[in-house]
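Work through the exercises below with the sequence and the model side by side. Try each task before you read its solution.

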Amino acid sequence: MNVQQLLSQFQAKGLETCFHGRHINPQIYDGLNGRNWSLQDYVARGGYQALRTILGLNGEAAWTQDQVIACVKESGLRGRGGAGFPTGLKWSFMPRLFNGQKYLVCNSDEGEPGTCKDRDILEFNPHIVIEGMAIAAYAMGISVGYNYIHGEIFQTYERFEVALDEARAAGFLGDRIQGSEFSFQLHAAHGFGAYICGEETALLESLEGKKGQPRFKPPFPASFGVYGKPTTINNTETFAAVPWIIRNGGAAYLACGKPNNGGTKIFSVSGDVALPGNYEVPMGTPFSKLLELAGGVQGGALKAVIPGGSSAPVLPASIMMDITMDYDAIAKAGSMLGSGAVIVLNDTRCMVKSLQRLSAFYMHESCGQCTPCREGTGWLSRMVDRIETGHGKPSDMDLLDNVAENIMGRTICALGDAAAMPVRGMLKHFRHEFEHHITHKTCMVSSQAHASHHHD
Ligand SMILES: Cc1cc2nc3c(=O)[nH]c(=O)nc-3n(C[C@H](O)[C@H](O)[C@H](O)COP(=O)(O)O)c2cc1C
Ligand code: SF4
C-alpha cells in the first residue's frame, strides 16, 4: 500500500482528519465531510457573508479599516502559528498609509512535527482561508497576497489553486470585489518542504525564490517583508478564524474561549491515543476532555504529553491532567501551546529514545547560519544518541543542560530555542531516565515493561 492509499483509507473513515464530528463548538471545521469544500458548499454554510458585510454589500454601511481591526482585537484572537501573538495588534502595526505595494502572506508551511491542522483546513475548507485573507487585506489596505503552502502536500496545494479559481470566477477575489472599490489579488505559492521555511522571514526569502534562511530581525516584516515591502504574515488557522469573528462579533469569539485566549483552537492529537486526528475545541478545554475525545490513551497508562508541537517542553501526566488547553495555562505549567500539536506518550515510551528522535530532527533542520544552532543542535543530538545507546558519561547530564542553555536566545531565529527547549523539558521532568541509561547502560522503561510482563 503506498502512502496515498494509506492516507485515503484514513480519510474515508474520517479518522486522522477533521471530519469525524468529535469537535466542541467548531467554527472552522464545522459541518465538513471531506467532500463539501467547493465555493458553492462554502456559500451555503454562510461563507463570504463576512466579506460582503465589511464591504457594505449586506444593506448596511461598509466597515472602516479601524472597525475591522478593532473587532479582531476585541476577539482576543492570537496567532495560531506558534508564538500566540495577538492578531489585531499585529494588523495594527501595518503602515496602512504607506504608498507603495504592501503584501499579505499566509503561512501554510506547517512543518512542526505533530501538526497537521492547516492542511485539513486548506483541503476541506479552503474558502475560509481565502475569505479570512481578503478581510485582513481590506483591513490593512493590502492589494496582493500569497499563500505559501508546504512543499510535501502537493495535493493540498492543487486543491487551493482550484478554490482560488472558483473565488476569482465568482468575484470574491480580483479587481473590484463584488462590485465594491476593494481589489485583492491572491496567489498560491508552492513551498520547498523545509521546516525552516515556516519561520516567517525564511518563508519570505523562499517566496522571493531565494534559499529559505531566516533574516535578522529587526527590521520586522511589517516594515521590511516580501521584496522589502511592508508585509503582514499570519498562520492559516489564524486567517480561518476571521470570518466567524466578523459574522458573530469580537465579544462572542472571546466569550467562547477564555479571557486573553479567544475562540476555538484546533489540536492535532497524535501518539498513543485510540483516535488520532484534528480536534477543534474552545480554548480553555481541559486536557482530560481532549484526551477523551481522542479515544483515550492506548497501549499503557498516560506518561507524558508534548502539548504544543515538538519544540514545546514535555509535561508529565500529573500536570497535564490538571490543566486546560490555552496559551496561558500551558505557559504557567512550564510549556507552550505552540502550534497545537498534542503528542501523547504512554508509559511504555522511553524519554531518552523520544528525545533522541526529536534532537535528530532539529540537527537536520538547522539552516546553519548561526554557530550556536548549527553546532549546538549537532552536539545535543550526538550526546542524546550516545546516552541512548549506552555510551553516555555522568558528565553528559550537565553538559546537555549547558549546551541547551547556551543555544537559547543566542540565535537569529527561534529554531535554536525550539531545539533546546525539549532537552531542558526532558531533563527537568525525566532526569532519572537519562541517569539510568548512563549508569546501567540499559533502558529503564523497557526493563520495567519487561518486569511487569513477568508479573502478568
Ligand atoms: C523554526 C520555525 C518554524 C516555524 N514554522 C511555522 C509554520 O510551519 N507555520 C506557521 O504558521 N508558523 C511557523 N512559525 C512561526 C512563524 O515564524 C510566525 O510566527 C507565524 O507564521 C505568525 O503567524 P501567527 O501570528 O498567525 O501565528 C515557525 C517559527 C519557527 C522559528
Ligand atoms: S537559529 Fe538555526 S535555523 Fe535559525 S537562523 Fe540560526 S542556524 Fe538557522
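**Exercise 1: Backbone outliers**

Asn-25 is placed in the loop between α1 (3-13) and α2 (39-44); helices (H or I, at least four residues) and strands (E, at least two) are DSSP runs, numbered from the N terminus. This is a predicted model, in which local features need pLDDT of at least 70, side-chain atom pairs count only at pLDDT 80 or more, and totals for chains, interfaces and linings use all residues. Residues are numbered from 1 along each chain as its sequence is written, chains are lettered from A and ligands numbered from 1 in the order in which they are written, and side-chain values use heavy atoms, with hydrogens and water left out.

Task: State the phi of Asn-25, then find which peptide bonds from Lys-217 and from Pro-218 are cis.

Solution.
- Step 1. Asn-25 is not a glycine, yet its phi is positive, about 45°.
- Step 2. Go to the loop between α9 (200-207) and β4, where Pro-218 is found. Pro-219 lies in the loop between α9 and β4 too.
- Step 3. Check omega. The bond from Lys-217 to Pro-218 is cis, with omega near -10°. The bond from Pro-218 to Pro-219 is also cis, with omega near 5°.

**Exercise 2: The shell of ligand 1**

Task: Find how many residues surround ligand 1, and which polar backbone atoms lie 3.0 Å from an oxygen atom of ligand 1.

Solution.
- Step 1. Count the shell, taking a residue as near if one of its heavy atoms lies within 4 Å. Ligand 1 has 18 residues around it, and the closest are Gly-81, Lys-90, Asn-234, Asn-235 and Thr-238.
- Step 2. Sort them by class. Ala, Val, Leu, Ile, Met, Phe, Trp, Tyr, Cys and Pro count as nonpolar, Asp, Glu, Lys and Arg as charged, and the others, Gly among them, as polar. The shell holds four nonpolar, eight polar and six charged residues.
- Step 3. Find the main contributor. Strand β4 (residues 231-235) gives the largest share of the shell, three residues.
- Step 4. Look at the backbone. An oxygen atom of ligand 1 is 3.0 Å from a polar backbone atom of Glu-110. Another such pair, also at 3.0 Å, involves an oxygen atom of ligand 1 and Glu-200. A nitrogen atom of ligand 1 is 3.2 Å from a polar backbone atom of Gly-198.
- Step 5. Add the cover. Ligand 1 on its own has 610 Å² of accessible area (Shrake-Rupley method, 1.4 Å probe), and the protein covers 89% of it.

**Exercise 3: The largest pocket**

Task: Describe the largest pocket. What is its volume, and which element gives the most to its lining?

Solution.
- Step 1. Apply the rule. On a 1 Å grid over the protein atoms alone, a pocket is an open set with protein on both sides within 12 Å along at least five of seven lines, a cavity is a set of points where a 1.4 Å probe fits but cannot get out, and lining residues have an atom within 4 Å of a point.
- Step 2. Read the volume, the space filled by probe spheres set on the points. The largest pocket has about 1,300 Å³ of space.
- Step 3. List the lining. It has 48 residues, and Gly-81, Gly-82, Ala-83, Gly-198 and Glu-200 are the closest to the centre.
- Step 4. Name the element. β4 gives the most, five residues.
- Step 5. Split by class: 19 nonpolar, 17 polar and 12 charged.

**Exercise 4: Ligand 2**

Task: Where does ligand 2 sit?

Solution.
- Step 1. Ligand 2 sits in the largest cavity, meaning that more than half of its atoms lie within 2 Å of the grid points.
- Step 2. The largest cavity has about 70 Å³ of space. Its lining includes Ile-196, Pro-214 and Leu-415.
- Step 3. Around ligand 2 are 13 residues, the closest being Cys-367, Gln-369, Cys-370, Cys-373 and Cys-413.
- Step 4. This shell has eight nonpolar, five polar and no charged residues.

Definitions and conventions
Polar contact = N/O pair within 3.5 Å; in protein donor to acceptor, adjacent residues only side chain to side chain.
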